[in-house]
Amino acid sequence: MECLYSFLGFLLLAARLPLDATKQFHEVLSNERTSSYMREHNHLNGWSSDENDWNEELYPVWKRGDPRWKMSWKGGHMQVNLTSDSPALVGSNITFTVKLVFPRCQKEDADGNIVYEKNCRNDTGPSPDPYVYNWTAWTEDGDWGNGTNQRHHVFPDGRPFPHHHGWRKMNFVYMFHTLGQYFQKLGRCSANVSVNTTNMTLGPQLMEVTVYRRHRWSYVPMAKVKTVYVVTDQIPLFVDMSQKNDRNLSDETFLRGLPITFNVLIHDPSHFLNESAIQYKWNFGDGTGLFASNNHTLNHTYVLNGTYSFNLTVQAAVPGPCPSPTPRPPKPTRSSLPAGDNPLELWETPDENCQINRYGYFKATITIVDGILEVNIIQMTDVQIPPPQPDNSLMDFVVSCQGTIPKEVCTVISDPTCQIAQDTFCNPVDVGDMCLLTVRRAFNGSGTYCMNLTLGDDVSLALTSTLVSVPGRGPGSPSRMVNGVLVSVGSLAILVAVIAFLVYKKHKEYKPVEDSTGIKDKGLNAFLNHAKAKFFSGSREKDPLLKNSPGNL
């Protein structure tokens, strides 16, 4: 009896061996198994079920923690970056990009080989062999590319490599895996895959990528990487808000009495909405009502200080699933008029190209405060200096402004083309209740100069620009720039600027205002760059450079 039990156990073990020996894709590419329901209801065109068998002979499988991972690449640690252009509106395409980051001093050459960069030193020192991996030599020495043996020209599921132009120079195999399905691709140091999201479940999903490299007549696992992407039925969008004289674009605090530009940035990298009619409905929260337009940009001015709730709704008609057939009463005929009988028939099947409305929403809390609204140079005067006269010329600029009282003034003096800055200087300002002051600046000899002048407080910056003509002073003297001083018109007291560099460092870096033509990048970068807005971005000069004539304003 004991022998019988042993024999039965042997049979059970033998029956189980094929199951253990053959792995399926979901066992290799993911730690979790996707249900059949999820796989069937998220069918991706061109992708395969992860229940297919995996060729472990050509593509060995290493578990996490296996010491072989540390030796899978020669000369250092290989990094793999996986990104996507998520979020994606359902029905659009989402693109995933994988990039290999080689160890220091390594790169891929034109033939797909990995070589050491010339004149580059790493921790291991110079290598006598210029190649990290010379796959071209392997091809020439063996039968990799001559077509005599196709056994190793296959993916893990046994499908042959596509023999398109340049395929022999592609030495990496990328396995993309999501929603219980996989897509395999041959590539070089980067690869990308675009997937249509029509059949995808809404919400966050996981994309996993496994990378193999070629090694003679088999493949070596390189790395595994994953990222979360989002499929949504709401239009992904952001609103960029900018205003002339606003000091900080990221705090959603703006100035009363000046128009705010609202620019809607729709995230649509696959251009899914290019042919859609898009409507924008604006509510600024100040009692002015609801505005509807087809323009993604709108200006609005708040006339009272306070806090307001801004709301935007975007509507677009996009291709979508057609509705189920709807029953309708048939046309009466002589043969269909029995008493008390009123049958129904189905609507004719609608065209496949149906459209549905998709919506996107944006909300923001906007704070309106007082600030410096305008600055003007109302007079320029050449300061007469008693003998002996230095070569440096002093000029007084009488400046007025509207709005709140400024706390600082900054000037940038540059060459006549306004390209090369010669002197940047900032001063604190104390002018009392009336916004009127005189700014004295020194110019290094006679000639024409470009000058930007900015008045600022905690929430605003107002700028004006002009050209300055400085008369000659006679023979030249040592070339240097004298720091300027401020003269209050009310008291005519001279405030001496001490340690100009330290004073300047206490304030934000001053930059001449550039006339921005608008945001060009309306993709995902616009979402990220909004939080890193430049100090003067979105401002406009009152007096454009090279427009004013030299002399008195």
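Which residue forms a salt bridge with aspartate 157, and how far apart are the closest N and O atoms? The partner is arginine 159, and the gap between the closest N and O atoms is 3.2 Å. Keep in mind as you read that this is a predicted model. Arginine 159 counts as partly exposed, because its relative accessibility of 42% lies between the 20% and 50% cut-offs.

**Salt bridges**

That pair has company: a search of the whole structure finds 8 salt bridges. Three of them, including the one you have just met, are set out here.

| Salt bridge | Closest N to O distance |
|---|---|
| Arginine 159 and aspartate 157 | 3.2 Å |
| Aspartate 111 and lysine 169 | 3.8 Å |
| Aspartate 458 and lysine 407 | 2.9 Å |

Let us look at the second row. Aspartate 111 and lysine 169 meet through their side chains. This pair links distant parts of the chain, 58 residues apart. Aspartate 111 sits in the loop between strand 7 (106-108) and strand 8 (114-116), while lysine 169 belongs to the loop between helix 4 (135-141) and strand 10 (172-178). Aspartate 111 is partly exposed at 37% relative accessibility, and lysine 169 is partly exposed with a relative accessible area of 36%.

Now for the third row, where aspartate 458 pairs with lysine 407. You can find aspartate 458 in the loop between strand 30 (447-456) and strand 31 (461-470). Lysine 407 is in the loop between strand 26 (393-403) and strand 27 (408-414), so the pair ties together parts that are 51 residues apart in sequence. Aspartate 458 is exposed, with a relative accessible area of 60%, whereas lysine 407, at 47%, counts as partly exposed.

**A buried aspartate**

Is aspartate 396 buried or exposed? With a relative accessible area of 13%, aspartate 396 is buried, because it falls under the 20% cut-off. This residue lies in strand 26. The side chain of aspartate 396 makes a polar contact with the side chain of arginine 440, at 2.7 Å. Leaving aside residues up to four places away in sequence, aspartate 396 touches Gln379, Met380, Thr381, Val383, Thr438, Val439 and Arg440.

**Empty space inside**

Rolling a probe the size of a water molecule over the atoms shows where empty space is left. Here, the structure holds 4 cavities of 30 Å³ or more. The largest cavity has about 70 Å³ of space. It is lined by 14 residues, and the closest to its centre are Leu89, Ser92, His267, Asp268 and Pro269. The lining of the largest cavity is made up of 8 nonpolar, 4 polar and 2 charged residues.

Conventions. Residues numbered from 1 in each chain as written. Predicted model: local features only at pLDDT ≥ 70, side-chain atom pairs only at ≥ 80, totals over all residues. Heavy atoms only, no water. 1 Å grid on protein atoms, 1.4 Å probe; cavity = no way out; pocket = protein on both sides within 12 Å on 5 of 7 lines; lining within 4 Å. Points joined across faces, edges and corners; volume = space filled by probe spheres on them. Nonpolar A, V, L, I, M, F, W, Y, C, P; charged D, E, K, R; others polar. Salt bridge = Lys/Arg side-chain N within 4 Å of Asp/Glu carboxyl O. Helix = DSSP H or I, 4+ residues; strand = E, 2+ residues; numbered from the N terminus. Buried < 20%, exposed > 50% of the residue type's maximum accessible area, 1.4 Å probe, protein only. Polar contact = N/O pair within 3.5 Å; in protein donor to acceptor, adjacent residues only side chain to side chain. Contact = heavy atoms within 4.5 Å.
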